[in-house]
Structures are given as C-alpha cells and as structure tokens.
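Visitor: Could you take me through one part of this model at close range? I would like to see how a sheet and the helices beside the strands fit together.

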Amino acid sequence: MLGAALQLMGWRELDPGNSPRFPKNLEFVGDDVFLYDIGAALEFLIGTLSQVPKESLIDAQIMEKTRGLESLHNGLIVHLLKLRVGKPAGPLLEELSAAKLLLDRLTSRRYFRPIFRASPGTKEPILQLDADDLADIFTDSSLRYRTEREIEDKAGLPKGTITIHCPKRNTAEKIANVLLTKPAEDGETDPVHPLNEISELDPKTFEKHRVAVKAVEEMYKSMWRLTVYAAPEHMEKWKDISDAAGRAIFEAAGDFNENPCKDRADGSWPNDEHLVSELKRKTDAAYVPPGAESDLSEFGEDLGRTVDRLLGSGRLGPIPEGVYDREAGLTDEGRKRLEAALVAALSGPEEKSVEKSPTKGSGPRMTRVLTTVKIYLKNMKEDDRDSLRQTYSNRIDLLSAEEFDKFASQLNIAVIESKKLEESGAAHKGTKFRQIYELIDRLLDVPVSKRAGSGGDLFGDDGE
Amino acid sequence: MCPSQNAPVPAAICSGTMANDATQYQAQRAYSWADTVYSSVGCAAPPVDLFAVARHRRINRAGFRLMIQPGVLVPVEGGFELFLRDLESRDLDIEAEELKSALPPRQRFGLAHEIAHTFFYKGSKGKPAPTWGPKDSRELEKICDGAAGRILVPSNLLQREIKQELQGNQERIDSDFVRAMAARFRTSPDVMIERLRIVESENAFARCILLVRKNKGEAQVKACYMGATLLSTLRVPKIHDPLLNWFPEFPRDIVERDGNGRWDVTRRGRQLEIEKIPLGRSGDFLLQVDDPNHRAPTSR
C-alpha cells in the first residue's frame, strides 16, 4: 500500500523516460517522521490544489504558493509539485487525494483485502504463461501501477482502491546465494560455493545439507503469490473486481510478451479457485448491498438494523475482536453471548430457566461496564480492562439488579455526555482513565436512595 | 481578554527552547492574573463572587452534567460554556450574584479551575481560540489548580484577614484559623492550608497544621502548613504521603478512632502535642502539632 501511495504521489514513470527518483534525503528518515512529513505535505498540496481550476496547468503561479516552504516537511511540498510542472491540476489532485487516503488507511491499519490471487500452479492457456512468467512480468513496479489503475477503471472504482503485490518467484534466493568457503589443501585457491551448492565443498559431509537447502528453496517457491487487493468498502463488488483483475492481468501479460492473442475478448487470467470460494462464503453473507434481497427474515433484518443503530449512536462501542472478528465474522464466544442475551431478552414469561437481564455475576456486568467505558476510552489497553475488572467486579456484584441497571444507565449517560462535550471542543485534559475511576467510585458510593433523589453531589462535599 | 495576556513573550520561550522556564513563566502569568481577578469584578471582601468572575471571563452558561470529566470548558461563539460533574443536569444562574447555598466548596474549586482555563484562550470577539500554553496537559491542569486557589483565596484578601483577625501576627495561625478562613472564603481546608503555605510561607512558629484524608483505609497527608522551628524534628511531608510514613511514632489510635482528642508524643527527644479535629462525615481531619515547650500563640 505504501508503494502504491508513493507511486500515486509521482514517484513512478510519469512519461516515457521520465521516472523521478525518490529524494535521497528521505531514505534516511525514520518511519514515523517519513509518514508524518508525507501526510502533512499531501494535506497542504490537496488544500492548495482544490482551490485551483481542474484544467489549470501546474505553472509558476501555482508554484508561487509554495514559496518559503522549500525546507518544510523535508522539502516534500515543493518537490512533489515540481514533478508535475506543465501537467493539469485536476488529475494531480485526484492522485494526491488517493495517495493520502492510502496513507491514512495504512497508518490506521485499515488494510486492503485480497480479491484476486495467482498461486504457483497458475497457468493461462491462451497466452501459454505460468507463475514464473507472471512473477517476471509483474516485478516491474510501473507495470503494476498501470494495471492497478486499469483494474480500477474496468471495475468503476476510485483511484487508489486497488493494489497489486507480486514478490520475486524465488524469495529465498538471497539466502541460497550466500557464499561459503573452506581452506584449500596443497596451496590451491580456496573453493567458494553458494549455500545451495554446499555439497561441492565436501560431498560426504554436506550432501544432506544441500538437499535441505533445496527443499527450503522449493518451499519458499510454493509460497509465492501474486495478489490483487481491494479497499474493504468495495468488497461487495468482488465478482466485478475479480473479473476486471483477471482481464487486466491478461492484457498486461500479453502486452509485455507482445503476444498476438493479447486482445482476445475472452482472455482473462484465472483467479485462484480457493480464494473465489472463500470470497463467496464470506462476502455473499457479509456484503449484502443496501436494498438487495437477503435470506434474512424480517425479524433478522430488524435485529441487524438495531445493531447498526446502536453502533451509529455510539451506545455500542467498538466490538471486541474476541466477539466479532473482521475476517472470520462472529466468533464462537460472540455467538454464545448473543444467543444468551437474545434468549434472555426475547423469551416469554414461561421461559423460567433463563435468568433475566441484567445477569447476576460480574462477567456479563463487567463486560457491559467495559463496553460502555470503551466508547469513551477507545484505546483502552488489556491491562486497563483487567485493572477495572479487578477493582470493581466485587462491588458491582453486590448491586441488586435495579441498582446495577441504574448504575449502568448513569455510566452510559456520562459517557455520551462526555463524548458530546469533547466533540464540541471541550478543553479539559485530565487523565481520562483516572477520571473514569473517580466517576465509577462516586456512582457506586452513592446509595440508591440518594441517587434516586435530586441534587446528588459527585464531589463528596461531606462536612465541608 | 485580560491585560496580562498582551504582555510580550520572550522569543526563546515561544520557540520552545526553554520548556521548563516557559512553563514557569506561563504559570507565573496565570497566577498573577488569578490573584487579582477578584478586584476586576469589584469584589472587596471574601468570599469571591465566582459568578461575577465567570461573567467577566465571558462564560455565558454554566451548569452541571452527568459526565466523566470533573469539569469542562467549551469555547463557543461569543465566549464559553462551562460544565461541572454532578448526578443531575441543571444550569446555574450565573447572571445573578453567587448565593452562599449555590455551590459547596469543592464545586467552587471546580468552577474556579475551569475559569482559570479561560486564561489560556484569546479573542474578545467570536469564538475564543486557544493561545500558547503549556504543551503538557498535566502541567496545564496543575497551573489551573494553582490559579483556582488564587481566584478563591486572593493573596491580598488573605493577608488582610490575617492582619485584622490575628493583628498581623502570623504565628497565631492555627487549625481554628484555618477552619474560620475556609468558611469565610467558602473553600475547603486543603485549599486554605495551601494558600497559607504560599502567602505566609515564612513562619518561624513551632506548629504544624495538616489536613489528613483517608484513602482506601490509609491516612494520607493532603495539605500541610509547617512552622520552620519544627523542621529539626519533622520533615515537610509530601502530598499523599501516608501519615505513618512521615511520622512513624504517630499514635495509630488517632487515625483509627473517630472524634477529636489530644495526644503527647516524643519524637527525636522532643515532646510534641497533637490535636485532632474531625471535619464531618467525609472522614477528613485536621491535625495540629505543637511544641508545648515553645508553644505558638493561638488565634483565639
């Protein structure tokens, strides 16, 4: 993704024979500074270019807007603009915006999903090419860039939503080519051989080693994949994208080899069948487009909408991975919890065996408390969760169902109010975690009778 | 917004090359502003009318909300809105004079703390914008705590009370005086002790006044005003020091039993007299440690 972002920024073959080099000074910058500088420079340029008519060419007048910023952000602002002098502003703005989005996704770890894959056994019958050919062809980054944009065009996707990853066919080559030697006998030159020919040094001792090194090489070879990734929000169109990728890869490979069959309308590089069935299983269930008919009952759809509303309003915070995995969907633990909650919430009066909400016992109660707290403290660590659990589980257990309901509802109100105030620019910056403790302490300290009355004091002013 | 904010700022501080000095400089500016803001609203005697100070600082709305933060200040078009934490949501009528019953001492401190935050904003029209202030938010909160103490108990007003009530004899400062002044300035005893420590820092009397608070069963020092002649026997405790760490010979029953009382203790060969004065249901108490052989005069 980083490679695609850098190419979109302009470090690629812009015109035949014009492939700007990555600035030398950026090669020695730490990751965080690098990402920060690139992000900041992009933000500035996007802001500047969005005020310029799309058809205007990047000229001295636009360059003038960056005067005095030559050394800012490692000189990137001016450098990026200089790469495009004489080109129209509109497409540049589009490319920079796509690059910024890619970088944002990268830093927030919202990675793309695989949508097309070619494995070592892949073969294309029309072009008569296989994995070795594909690896040779697509190690060219400019070709990858062009193919990525071609797939986006064919599938009707915005720029920067497709990336292709294609490693060398023999990724273990570096290790296999490590040179080994041993002192020669009788004053001859010392023999030197690569690791994968280690047996040449001493066949008796190293023959088995040679076989093992070869086996590792083969293993690495079998792990090779060419993968096309797509932005997660477009996964619902996975079939179209997969078809577009197959077609674009076919065309690019045919073009590269100047194969006469490259323009055949039925030509398409086949997608890996395992990935296709995986995508079918996952996405057909998860990415039902809005308005499309689903297999769910009306009640099921209502339940889904309720969850969406809870998430949208913030009453339900980010769902823990232990409950819902982005890749695998609802986990066993998550399914169990939901089933228990649904049975408890929806059972009629005859369902005596099911304990009604809120369940007595700190597990579910603390989970509810932690889920609420997490709406406010999004980055709450595992240690913090454990600490809250240890501090309050017993006290929360002692509350009656009515007291717990009241407590949980007050905590919820406090979280929503606090978020609302922070969003409106509130300026208080205390230690959030300590403040949560203060609030929970106070809510648990105040007896229910007092809480029910008016004018309770959360500042504990007794005797003052 | 306030004249002191227009004061020139040393270039080295602006460039961030003097982080500690810059923070101290910011703190001093905030403190000197907070110490005199009472006079800007025409307040001549304690307690300071915080509603008047709030209006003066362009706070248009103040109230209570059930929320996580103890207090928040929200810059809005034309000034600020300010909210303090409480169980029930309600607004305060800050257009009127602050009545004695309007806020208990700790909520007054919370209000003063949020008012202090307004010092770090600029702009007399439109929505106030944050101005330069400490980058470390903990430093900012600390400065605002210090400024809140000064808004509630301005140095001039406290010195005037010492002059009037104790005939200017600071050696007569005792636990009774702390309580009387806390009530007069409508603040908590810990704020009052802290203000005395700053305003009358040079006191050679043989007395120590402490506010002790129980935290999870452990008695901890919350504030301390110490006479210099006791220092050879007792070091100055740190805030949140467990009482028994600071003074190992301290009789445990003073901490554990309710009610008031007097005890005699010998520390490093010196006889000391300890008096405990409980402060109501909270469990907090004041301790006054005297040297009976060099007894300081009392406020009575």
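Guide: Happy to; we will go from the sheet to its helices and then to a single residue. Please keep in mind that this is a predicted model.

Let's begin in chain B, where five strands make up an open sheet, ordered β8-β7-β11-β10-β9, with antiparallel pairing. At its edges are β8 (218-226) and β9 (261-267) of chain B, each of which pairs on one side only. From one strand to the next, the twist averages 25°. Now look at β7 (residues 207-215) and β11 (residues 285-290) of chain B: these strands run antiparallel and are joined by six bridges. One place to find this pairing is Leu210(B), whose bridge partner in β11(B) is Leu287(B).

Next come the helices. Helix α7 (residues 175-184) of chain B packs on the sheet, where it touches β7, β10 (270-278) and β11 of chain B, and its direction makes about 145° with that of β11(B). Helix α8 (residues 189-199) of chain B lies across β7, β8 and β11 of chain B, and runs at about 35° to β8(B).

For the closest view, pick out Val178(B), which belongs to helix α7 of chain B. Val178(B) counts as buried because 24 other C-beta atoms lie within 10 Å, and the cut-off for buried is 20 or more. Beyond its neighbours within four places in sequence, Val178(B) is in contact with Pro189(B), Met192(B), Ile193(B), Ile209(B) and Leu286(B). Of these contacts, take Leu286(B): 108 residues separate it from Val178(B) in sequence, while their C-alpha atoms are 9.4 Å apart in space.

Methods. Residues are numbered from 1 along each chain as its sequence is written. Chains are lettered from A and ligands numbered from 1 in the order in which they are written. This is a predicted model: local features need pLDDT of at least 70, side-chain atom pairs count only at pLDDT 80 or more; totals for chains, interfaces and linings use all residues. Two strands pair if DSSP finds at least two bridges between them. Helices (H or I, at least four residues) and strands (E, at least two) are DSSP runs, numbered from the N terminus. Axes are lines fitted to C-alpha atoms, for helices over the stretch in contact, and angles run from 0 to 180 degrees between N-to-C directions. Two residues are in contact if their C-beta atoms, placed from the backbone, lie within 7 Å. A residue is buried if 20 or more other C-beta atoms lie within 10 Å of its own, exposed if 12 or fewer, and partly exposed in between; C-beta atoms are placed from the backbone.
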